[in-house]
Amino acid sequence: MSGAENHFTAEVAVIGGGPAGLVSAIALAAGGVDTLLIAPPPPDDHRTTALLAGSVTALATLGAWEACRPHAAPLKTIRIVDATKRLIRAPEVTFAAAEIGLEAFGYNIENRHLIAALHVRAAELKLTHITAAAAAVVSDADGVTVALPDGQARARLAVGADGARSLCRAAAGIGTHRRSYPQTALTLNLAHDRPHHDTSTEFHTESGPFTLVPLPGQRSSLVWVLDPASAVEFGAKSDTELSVEVERRAHSLLGKMNVEPGRGVFPLAIETADAFARGRIALVGEAAHVVPPIGAQGLNLGLRDAATLAELIADARRQNLDPGAPGLLARYDAQRRADTLSRRIAVDLLNRSLLTDFIPAQGVRCLSLYLADRIGPLRRALMREGVTPAASQPRLMRGEMV
Ligand SMILES: Cc1cc2nc3c(=O)[nH]c(=O)nc-3n(C[C@H](O)[C@H](O)[C@H](O)COP(=O)(O)OP(=O)(O)OC[C@H]3O[C@@H](n4cnc5c(N)ncnc54)[C@H](O)[C@@H]3O)c2cc1C
């Protein structure tokens, strides 16, 4: 930071203080990059995030995992139950992390604890945090100017981590491909009578998955994908009524349930930016891609964006190169494309195979699950690809600093 009168300068300005922005800022600062974080306080978020093993390794490498660990529950087993009433139904399939030599596929944590841990780590590092929203972002040949409510910031590169309705993306002139689904996710956390045994259970229904994910103790989070009218109907029920309904849908697997205050309603869509970077602005997290909450992919992709970009910028800094140079941004775009595309296709196909009444598509979904159940090497390959995608293993995800 330099100068008074609220004029800030840095090599890189990260815009947005959701998890993707905070991890970007921490990774850059830890990599020795002069970093500015422009982020108003985050909105209330009662959701949880299943962080897969690579993301947990990255957070540990950045020194942020220790504060998360007491609030996180391991995901040792994932069970998929076909709860559709259709003619063709898949067998129940169980994936165990131990089968691929892992203690857990990952950990589930409430977003508020994750964000709090990231704030603590950010405060320990040498980075400047401006607790305000960017009002405008304008790039030119040499850098980017960010208008703030009472001043401005100048950097050589802006990292747009400002979520699905990204100002940075619009400023870079980057369009998106978006499709809405006829589905809404109702989210809540709950306490239950029986232990979850570190097992996440995903009931596949005709309206989408109903997924219980362990939290520490006898608590779990629920992501319940419904048609929009039912989401409104269930969302309006009292805690007691909803607890009974959720227990019924969960086939009393975890016994009596008590829904906690703090529900969320999220209309589902899939959206990908046409480019991951342009004109000294690089996008990470939901500014670059939104995927439906199926298979815990969204933020895990976002953290791989953050790790990849920080690695490229730290490498450039070591060679005294411009962090906003077109070549660097083109490499970032190329490195994130395959990973994002493969996750997007997998999540979209799975979701649409649940929604469709087209028998052959249901047949393919059931056959895939049947084969995964029966063929050990296939099941293990699927698990490995789910946890450590072949298309993207940035250094942080391998336990190395950027
Ligand atoms: C129901 C549900 C369940 C999910 N579960 C999982 C899961 O289990 N695992 C997983 O990996 N992913 C999951 N996801 C996806 C995950 O929640 C998102 O990928 C993640 O929250 C995106 O983080 P982000 O930092 O990119 O964006 P956000 O969290 O949206 O953060 C963007 C931030 O930018 C700020 N901002 C906006 N405009 C400006 C501005 N002009 N200036 C400065 N700041 C600005 C906002 O205030 C906000 O804090 C789930 C999503 C949903 C909807």
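Which residue in β6 is the bridge partner of Thr77? In the model, which is a predicted one, that partner is Ala96, and the pairing belongs to an antiparallel arrangement in which strand β5 (residues 77–82) and strand β6 (residues 93–96) are joined over 4 bridges. Strand β5 is also joined by 6 bridges to strand β13 (residues 199–205), with the two strands running parallel. In β13, the residue that stands opposite Thr77 is Thr199, so that Thr77 is matched with Ala96 in β6 and with Thr199 in β13.

A further set of strands forms an open sheet of 3 strands, ordered β3-β7-β4 and paired in the antiparallel sense. Because β3 and β4 (72–75) stand at the edges and each has a single partner strand, one side of each is left without a neighbour in the sheet. From one strand to the next, the twist averages 25 degrees. The pairing between β4 and strand β7 (residues 106–110), which run antiparallel, comprises 4 bridges, and within this pair Ala72 stands opposite Ile109 of β7. Helix α2 (residues 53–61) packs on the sheet, where it touches β3 and β7, and its direction makes about 90 degrees with that of β3. Helix α4 (residues 111–124) likewise lies across β3 and β7, running at about 95 degrees to β7.

Strand β3 also takes part in the surroundings of the ligand, since α1 (19–30), β3 (48–52) and α8 (298–318) each supply at least two residues of the shell around the ligand. In total, 29 residues surround the ligand, and the closest are Ala50, Ala134, Glu286, Leu299 and Asn300. By class, this shell is made up of 15 nonpolar, 11 polar and 3 charged residues.

Polar contacts to oxygen atoms of the ligand involve both backbone and side-chain atoms of the protein. For Ala50, which is listed among the closest residues, a polar backbone atom is 2.8 Å from an oxygen atom of the ligand. In the case of Arg47, an N or O atom of the side chain is 3.1 Å from a ligand oxygen atom, while for Pro19 a backbone N or O atom lies 3.3 Å from an oxygen atom of the ligand. Of the 1,000 Å² of accessible area that the ligand has on its own, the protein covers 85%.

Terms used
Residues are numbered from 1 along each chain as its sequence is written. This is a predicted model: local features need pLDDT of at least 70, side-chain atom pairs count only at pLDDT 80 or more; totals for chains, interfaces and linings use all residues. Side-chain values use heavy atoms; hydrogens and water are left out. A residue is near a molecule or strand if one of its heavy atoms lies within 4 Å of it. A polar contact is a pair of N or O atoms within 3.5 Å; within protein, one must be able to donate a hydrogen and the other to accept it, and residues adjacent in sequence count only if both atoms are side-chain atoms. Accessible areas come from the Shrake-Rupley method with a 1.4 Å probe; for residues, only the protein chains shown count as cover. Ala, Val, Leu, Ile, Met, Phe, Trp, Tyr, Cys and Pro count as nonpolar, Asp, Glu, Lys and Arg as charged, and the others, Gly among them, as polar. Two strands pair if DSSP finds at least two bridges between them. Axes are lines fitted to C-alpha atoms, for helices over the stretch in contact, and angles run from 0 to 180 degrees between N-to-C directions. Contact means heavy atoms within 4.5 Å.
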